[in-house]
Amino acid sequence: MKIDLSHRSCMKEFVTQIFIGLLLFLFLSCGGRNEKQQTKARGEKFAGEVPFYKKIADDKQERTRLWKAAIDSGDCSSYSKVAFAYIMTYREVDLYYYSLIMANKYHCPDAYLTLYTILTHEADPGEITILSDDQDTQNLARYYLFKAKELGSTEAKHLIELEYTKSKASVNSTYFLKKLIH
């Protein structure tokens, strides 16, 4: 199955909205605060404030703290916060290796979804814009997407429902690994 490249910008926007929704959900789970505190916790911007992801992206100490919590102990919540900051500031190339560790070592659904997103969208590491749309890379990306769904990612489930026929959406992640090996 070939993904239509003309929908890539819509996909990136959709995935970005899903990440925003996920983070808002994480922040909404903090109960017992007044409305101003809840709004701030959800990352909503007050007049003149910098968005929370920009603060994370610009603060080396905070990034390091979040990465240490994620990589050292498998904290998927910390991973999601810093990964979102990297995506929103176009640092997907830097994010790939961290995501690979979080996926392989901790089976973090958001990490698998991030790997899918990185492999299916253009990246700009500085010198050139790259996109590997060969069959092997596409199968690897699909493996990551379906693995995220299997681990409980509702965002991955919705993406699969949008992109694939019902029969294709019912396959499991190993189907794409087998296609990759053959």
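Student: Which residues line the second largest pocket?

Tutor: The lining of the second largest pocket consists of Val93, Tyr96, Ile118, Leu119, His121, Ala123, Ile130, Leu131 and Ser132. Two elements, α6 (92-106) and α7 (109-119), each contribute two or more residues to this lining. Please keep in mind throughout that this is a predicted model.

Student: How is such a pocket found, and what is its volume?

Tutor: The general idea is that rolling a probe the size of a water molecule over the atoms shows where empty space is left. In this structure, the second largest pocket has a volume of about 160 Å³.

Student: How many nonpolar, polar and charged residues does the lining of the second largest pocket have?

Tutor: One sorts the lining residues by class and counts each group. Here, seven residues of the lining are nonpolar and two are polar, while no charged residue takes part.

Student: Let us turn to confidence. What pLDDT does the protein chain average?

Tutor: The average pLDDT of the protein chain is 80, and 74% of the residues score at least 70. The pLDDT falls below 50 over residues 20-39, a stretch that has 24 contacts in the model beyond near neighbours in sequence. Residues 42-47 also have a pLDDT below 50, and that stretch has 13 contacts beyond near neighbours in sequence. The general caution is that where pLDDT is low, the predicted coordinates should not be read in detail.

Student: How many helices and strands does the secondary structure of the protein chain come to?

Tutor: The count is 11 helices and zero strands. Read from the N terminus on, the order of elements is therefore α-α-α-α-α-α-α-α-α-α-α.

Student: What can be said of the chain as a whole, beginning with how much of it is made up of buried residues?

Tutor: The protein chain has 182 residues, and buried residues make up 41% of them. Its accessible surface comes to about 10,100 Å², and carbon and sulfur atoms account for 55% of that area. As for contacts with a separation of 6 or more, 57% are between residues 24 or more positions apart.

Student: How does one judge a single residue: is tyrosine 143 buried or exposed?

Tutor: One compares the relative accessible area with a cut-off: under 20% is buried, and over 50% is exposed. Tyrosine 143 has a relative accessible area of 14%, so this residue is buried. Tyrosine 143 belongs to helix α8. Beyond its neighbours within four places in sequence, tyrosine 143 is in contact with Tyr112, Ser173, Phe176 and Leu177. Its C-alpha atom is 9.8 Å from that of leucine 113, although the two residues are 30 residues apart in sequence.

Student: And is isoleucine 87 buried or exposed?

Tutor: Isoleucine 87 is counted as buried because its relative accessibility is 7%. The residue is placed in helix α5. From isoleucine 87 to threonine 114 the separation is 27 residues in sequence and 8.8 Å in space, C-alpha to C-alpha.

Student: Where in the chain is glycine 152 placed?

Tutor: Glycine 152 sits in the loop that joins α8 (135-150) to α9 (154-163). Because its relative accessibility is 53%, glycine 152 counts as exposed. The C-alpha atom of proline 109, which is 43 residues away along the chain, is separated from that of glycine 152 by 6.9 Å.

Student: Which residues does glutamate 122 touch, not counting those up to four places away in sequence?

Tutor: Glutamate 122 touches Thr129, Ile130 and Leu131. Its place is in the loop between α7 and α8. With a relative accessibility of 52%, glutamate 122 counts as exposed. Aspartate 133 is 11 residues from glutamate 122 along the chain, and their C-alpha atoms are separated by 9.7 Å.

Student: Finally, I should like to read backbone angles. What is phi of tyrosine 90 near?

Tutor: One notes the sign of phi together with the residue type. Phi of tyrosine 90 is near 55°, which is a positive value in a residue other than glycine. Tyrosine 90 is located in the loop between α5 (76-88) and α6, and at 62% relative accessibility it counts as exposed. For histidine 107, phi is likewise positive, near 55°. Histidine 107 is in the loop between α6 and α7. Its relative accessible area is 41%, so histidine 107 is partly exposed.

Terms used. Residues numbered from 1 in each chain as written. Predicted model: local features only at pLDDT ≥ 70, side-chain atom pairs only at ≥ 80, totals over all residues. Heavy atoms only, no water. pLDDT = per-residue confidence, 0-100. Contact = heavy atoms within 4.5 Å. Helix = DSSP H or I, 4+ residues; strand = E, 2+ residues; numbered from the N terminus. Buried < 20%, exposed > 50% of the residue type's maximum accessible area, 1.4 Å probe, protein only. 1 Å grid on protein atoms, 1.4 Å probe; cavity = no way out; pocket = protein on both sides within 12 Å on 5 of 7 lines; lining within 4 Å. Points joined across faces, edges and corners; volume = space filled by probe spheres on them. Nonpolar A, V, L, I, M, F, W, Y, C, P; charged D, E, K, R; others polar. Areas by Shrake-Rupley, 256 points an atom, 1.4 Å probe, with all protein chains shown as cover.
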